[in-house]
Amino acid sequence: MLRTLADLFDAMETLSDQLYQSRLAALRACRPLVHCITNDVVQEMTANVLLAAGASPAMIVAPEEAADFAAVASVVLINVGTLRADLVRAMRLAIESAKAHDKPWVLDPVAAGLLPWRDAQLAELLRFGPAAIRGNGSEIRALAGLGSGGRGVDSTEDSEAALEAAGHLARLHGCVVCVTGATDFITDGERVLSVGGGSETATRVVGTGCSLSALAAAFIAASPGQRTEAVAAACMMAKKAAEAAAAQAQGPGSFRTAYIDALSR
Amino acid sequence: MLRTLADLFDAMETLSDQLYQSRLAALRACRPLVHCITNDVVQEMTANVLLAAGASPAMIVAPEEAADFAAVASVVLINVGTLRADLVRAMRLAIESAKAHDKPWVLDPVAAGLLPWRDAQLAELLRFGPAAIRGNGSEIRALAGLGSGGRGVDSTEDSEAALEAAGHLARLHGCVVCVTGATDFITDGERVLSVGGGSETATRVVGTGCSLSALAAAFIAASPGQRTEAVAAACMMAKKAAEAAAAQAQGPGSFRTAYIDALSR
Amino acid sequence: MLRTLADLFDAMETLSDQLYQSRLAALRACRPLVHCITNDVVQEMTANVLLAAGASPAMIVAPEEAADFAAVASVVLINVGTLRADLVRAMRLAIESAKAHDKPWVLDPVAAGLLPWRDAQLAELLRFGPAAIRGNGSEIRALAGLGSGGRGVDSTEDSEAALEAAGHLARLHGCVVCVTGATDFITDGERVLSVGGGSETATRVVGTGCSLSALAAAFIAASPGQRTEAVAAACMMAKKAAEAAAAQAQGPGSFRTAYIDALSR
């Protein structure tokens, strides 16, 4: 079992391009229906990223119908960015329904470790066994009980510094944990995949991280038996699209446009 | 009276370019104030589409002020995408106020036929006599009681297959029904206008459909005596803009940008 | 004391380019964390404008955590566009916390003067002493008790006509008041700075005004001792970016993209 940072680094693998292409083909073949209960800032970006990549997004947020929709969706994405009490109720109902219908759910713990109420909600949600968690270094460390959060929604830790926390969190909850940064790391507590590349400009466009969590959910739905590879494939798709976008962008505005274009190819 | 699909096809007309130009000129002359109670995913897209086309959007959503604003707006748009109980209250109050002040309202029944709570709210809203309904094939069939909904927010039916349902719904509620797809059909139950063209890429950009409903509301406000033509003009404007956007776009990201540019011309 | 419009015009200054550059350098050096409780339509635009300019946005909206976050943020932005009762509670808690921790807050009084419930909430919020208020001519006149609001969210008054109201409002609340339009005026009731330039296309892109209020908040956080200059610097940054965007845009869609690119330079 990988318990130390040295173990994790020794075990590091990269995702082959062939495996990436096969997971992407699976995504586009099944066009998973992603039930998103996400934050208000990134709703459009999340929907457009999923559509460009080849998935089908749907934002159903009322407690009165969240469970019904999770039952027919392929996967549920939970993002706590602009959390409110009514959204927490909808999230709980969607997750319970997903579990009851053997559908996976993915957690994006935005700003974990900064605010007591949010952390209490996250602790409750985590009891329902997510298939994957995707966050930045500060969020993953905070969720593992090893740090006190970043600066607002931005990380104050790089992804490498959070790798040990990611491994711990993965073993604790029996899920895939993805910590993103200059290099993305994806681990199930036994294996570690790393994905490099990308562009620093992505950090200046709101929703690139949040929509990557949605993309990870879509890939998991399309490749249920290979969750670690599925999440790594989502990271690789985002990194490749960011590189393509950076090559033609004049700034974060045109980067966003080119990023969505690139995801559609 | 057009009761069968054959009747509807026999009655099919197209909107002349001259009539389109005159309805667009009317829109830009009166710059209608469109009170939008719409879903969280498409708020910005809806506002930018209305602004580009020459209308004035305003999103006023609190039950405490929805009625007051509907009274001064030119038209009310109701879109149930991310429906919540508090939004339903605001919608009811806005619609009742619109009716009391002789203002039209337009319904976008996102995801009709999929979820019982949503369908119950839609049934209630329909009792207040919309001026027009705009949806995809699955939504229009579901609303007419002839189908059980699409796949999430996407249609599983083409617009042609829903034309009979559109005619039925139009007669039932005494309103214009617009079913959009590769070809858009607009009917009041007596006449049918068809609008072709457009681009398939529009289906991969979130909010193109929802913002078309808002555009239909704006055209209705500017051409109160010609509601069928007004809705057809909105569809033609969207189809033309989609064609222009597709001609220069590299993917759905740049399509969205070019689509809004094209609407402003 | 500047009491008449003639006094205000006589006192008019412009912001030197040197002072602008120094305030921008201060912004980028301290990367202020802007706690935004803003309207649903402009959330993404606001976040992307702040990120492009060099600030760090965070949207924390639950009453359960708004006070905790305001305590650690650099500044709080309050925008009442899509006001709802739960948001009012969160705003009150964030503002009280900001005051308790000596953090400034900025008010964007969207659609002031049109709707009684909104005006009552605005009156309550104003009692908590904002550092600055940014609005269009109609909103500033309404807030000063001198007008009855614009047309929806659009102004029916130019910024010049509202200058006297701005001076009155600034003295009444001991804050900076910024009235934007073809020319922006920024006054503390004693001095008046004017910022010209920009592009008319900005009025056809949703969120340019709302995100300018957020930018003003960021500049104030970075230049606490020079609030009038800080707000004028935000206006100048927006005007310059609008000019650069207009020079290359084909319409409001590409203007929005180029505007965010320009802010990042």
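Which residues in helix 2 of chain A meet which residues in helix 10 of chain A? The structure is a predicted model, in which local features need pLDDT of at least 70, side-chain atom pairs count only at pLDDT 80 or more, and totals for chains, interfaces and linings use all residues. Residues are numbered from 1 along each chain as its sequence is written, chains are lettered from A and ligands numbered from 1 in the order in which they are written, and side-chain values use heavy atoms, with hydrogens and water left out.

From helix 2, the residues are D17(A), L19(A), Y20(A), R23(A), L24(A) and R28(A), and they meet E229(A), A233(A), M236(A), M237(A) and K240(A) of helix 10. Contact here means heavy atoms within 4.5 Å. Helices (H or I, at least four residues) and strands (E, at least two) are DSSP runs, numbered from the N terminus. Helix 2 spans residues 17–30 and helix 10 residues 227–248 of chain A; their axes are 9 Å apart and cross at an angle of about 95°. Axes are lines fitted to C-alpha atoms, for helices over the stretch in contact, and angles run from 0 to 180 degrees between N-to-C directions. The two helices of chain A are therefore roughly perpendicular to each other, a term for angles of 65 to 115 degrees.

Chain B contains an open sheet of nine strands in the order 1-9-8-7-6-5-4-2-3, with mixed pairing. Its edge strands, strand 1 (12–14) and strand 3 (56–58), each pair on one side only. From one strand to the next, the twist averages 25°. Two strands pair if DSSP finds at least two bridges between them. Strand 6 (residues 132–136) and strand 7 (residues 176–180) of chain B do so in the parallel sense, over five bridges. Within this pair, G135(B) has V179(B) in strand 7 as its bridge partner.

In chain C, S211(C) belongs to helix 9 (residues 208–222). S211(C) counts as buried, at 0% relative accessibility; buried means under 20% relative accessible area (1.4 Å probe, protein chains only). Its side chain reaches the backbone oxygen of G207(C) at 2.6 Å. Leaving aside residues up to four places away in sequence, S211(C) touches M45(C), T46(C) and V49(C).

Finally, the relation between copies: a turn of 120° and a shift of 0.0 Å along the axis lay chain B on chain A with an RMSD of 0.0 Å. The two copies are thus related as by a three-fold rotation axis. Superposition is by least squares on the C-alpha atoms of residues with pLDDT of at least 70 in both copies.

Methods:
Buried means under 20% relative accessible area, exposed over 50%, partly exposed in between (1.4 Å probe, protein chains only). A polar contact is a pair of N or O atoms within 3.5 Å; within protein, one must be able to donate a hydrogen and the other to accept it, and residues adjacent in sequence count only if both atoms are side-chain atoms. Angles under 35 degrees count as roughly parallel, over 145 as roughly antiparallel, 65 to 115 as roughly perpendicular and the rest as oblique.
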